[in-house]
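The following exercises concern burial, side-chain contacts and helix packing. Each task is followed by a solution in steps.

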Amino acid sequence: MSKCRYCGVEVVDDTEYCPLCRGVLDKSGDEGDFVRFNEYPDVVTTLHRFSLVKRILFFIAAVVSILVVAINVQQENRRWWSIIAVYAMFYLYGTFCRFTNERYQVFTKIAMTIFWGLIYMVVIDAVFGFTRWSINYILPAAIILIDVVLFIVMLVDNRNFQSYLAFEITMMAVGLIPLILLATHVVTSTAVCEVAFLSSVILFLGTLIIGGRTARTEMQRRFHI
C-alpha cells in the first residue's frame with residue numbers, strides 16, 4: 001500500500017506512481033498510518049478480475065461452439081442447428097462484456113442486448129426455413145420494447161431527459177425499416193409495423209413538446225436546427 005505525499009490519496013495496488021499527479025509514491029506496510037476516506041479505488045484489480053472472467057467465458061463459448069459444430073457435421077440431417085447454439089454462446093458472452101463495460105450508458109446496453117437478440121431470432125427463423133415470423137413480428141416488437149425501455153429510462157433520469165433525443169431520432173429511423181419491408185411486400189403484418197413506427201414518433205414528439213425550451217435547445221445544439 002502506498003500514499004502520495006502531494007495528493008494525499010492512498011493507493012491499494014502495487015503501482016509506483018500516483019495515478020493523479022504521477023509523483024513517486026511513499027511505500028508503507030502499515031495501513032493504520034493513512035486516513036481511509038482518501039483511499040484511491042483499486043481499479044486495476046477489478047479490471048483484471050473482469051478480464052479473467054471474460055477470457056474464461058470466451059474459452060467456454062469457443063469450446064462449446066466447436067463441439068456442437070462437430071456434432072452437427074456428423075449428422076445426416078444437414079440443417080445447421082449448430083448456428084443457433086454458437087450464436088447463443090457468443091450472445092451471452094457479448095451481453096456479459098457489455099454490462100461490465102462502464103463506458104456504455106444503461107440504455108445503450110439494454111438496446112444493444114435487444115438488438116442482438118432480434119438478430120438471434122432472425123437466425124433461428126433462417127435455420128428453420130425463414131417463414132418470416134422474425135421480421136413480421138419480432139422486429140417491430142423489438143422496436144416497441146426499446147421505445148418502452150427508453151421511456152422508462154427517461155422517467156428515471158428526468159433531469160437529463162433531453163440527452164435522449166438523439167436516441168429517439170435514431171429509433172424513428174429504425175422504425176421506418178418495418179414500413180419499408182411492408183411496402184416491398186417482404187412482411188405482411190401491417191398493424192404491428194405501423195404501431196412500431198408510431199411508438200417512436202409519439203415518444204419523440206412527447207419529449208419535444210413536454211420538454212419545451214430545454215428540448216428545443218438540445219435539438220439546436222446537437223443538430224443546428
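Relative accessible area is classed as buried under 20%, exposed over 50%, and partly exposed in between. The model examined here is predicted.

**Exercise 1.** Locate isoleucine 177 and determine its exposure class.

*Solution.* Step 1: isoleucine 177 lies in helix α5, which covers residues 165-183. Step 2: its relative accessible area is 40%. Step 3: because this value falls between the two cut-offs, isoleucine 177 is partly exposed. Step 4: phenylalanine 197 is 20 residues apart from isoleucine 177 in sequence, and the C-alpha atoms of the two residues are 8.7 Å apart.

**Exercise 2.** Characterise the surroundings of aspartate 147: is this residue buried or exposed, and which residues does it touch?

*Solution.* Step 1: aspartate 147 belongs to helix α4 (residues 133-156). Step 2: its relative accessible area is 4%, which is under 20%, so aspartate 147 is buried. Step 3: leaving aside residues up to four places away in sequence, aspartate 147 touches Met171, Ala196, Ser199, Ser200 and Leu203. Step 4: with serine 200, aspartate 147 forms a side-chain polar contact of 2.7 Å.

**Exercise 3.** Classify cysteine 97 and cysteine 193 by exposure, and state how many disulfides the structure contains.

*Solution.* Step 1: cysteine 97 has a relative accessible area of 16% and is therefore buried. Step 2: cysteine 193, at 0%, is likewise buried. Step 3: a search of the whole structure returns 0 disulfides.

**Exercise 4.** Describe the packing of α2 against α3.

*Solution.* Step 1: two packed helices are described by the angle between their axes and the distance between the axes. Step 2: for helix α2 (residues 82-99) and helix α3 (residues 106-127), the angle is about 180° and the axes are 11 Å apart. Step 3: angles over 145 degrees count as roughly antiparallel, so α2 is roughly antiparallel to α3. Step 4: the contact includes Tyr87 and Tyr91 of α2, and Trp116 and Tyr120 of α3. Step 5: the residues of this contact comprise 14 nonpolar, 3 polar and 2 charged.

**Exercise 5.** Carry out the corresponding analysis for α3 and α4.

*Solution.* Step 1: α3 and α4 pack at about 170°, with axes 10 Å apart. Step 2: this angle makes α3 roughly antiparallel to α4. Step 3: among the contributors are Phe107, Leu118 and Asp125 of α3, together with Trp133, Leu145 and Val153 of α4. Step 4: the contact residues divide into 18 nonpolar, 1 polar and 1 charged.

Methods. Residues are numbered from 1 along each chain as its sequence is written. This is a predicted model: local features need pLDDT of at least 70, side-chain atom pairs count only at pLDDT 80 or more; totals for chains, interfaces and linings use all residues. Side-chain values use heavy atoms; hydrogens and water are left out. Helices (H or I, at least four residues) and strands (E, at least two) are DSSP runs, numbered from the N terminus. Buried means under 20% relative accessible area, exposed over 50%, partly exposed in between (1.4 Å probe, protein chains only). Axes are lines fitted to C-alpha atoms, for helices over the stretch in contact, and angles run from 0 to 180 degrees between N-to-C directions. Angles under 35 degrees count as roughly parallel, over 145 as roughly antiparallel, 65 to 115 as roughly perpendicular and the rest as oblique. Contact means heavy atoms within 4.5 Å. Ala, Val, Leu, Ile, Met, Phe, Trp, Tyr, Cys and Pro count as nonpolar, Asp, Glu, Lys and Arg as charged, and the others, Gly among them, as polar. A disulfide is a pair of cysteine sulfur atoms within 2.5 Å. A polar contact is a pair of N or O atoms within 3.5 Å; within protein, one must be able to donate a hydrogen and the other to accept it, and residues adjacent in sequence count only if both atoms are side-chain atoms.
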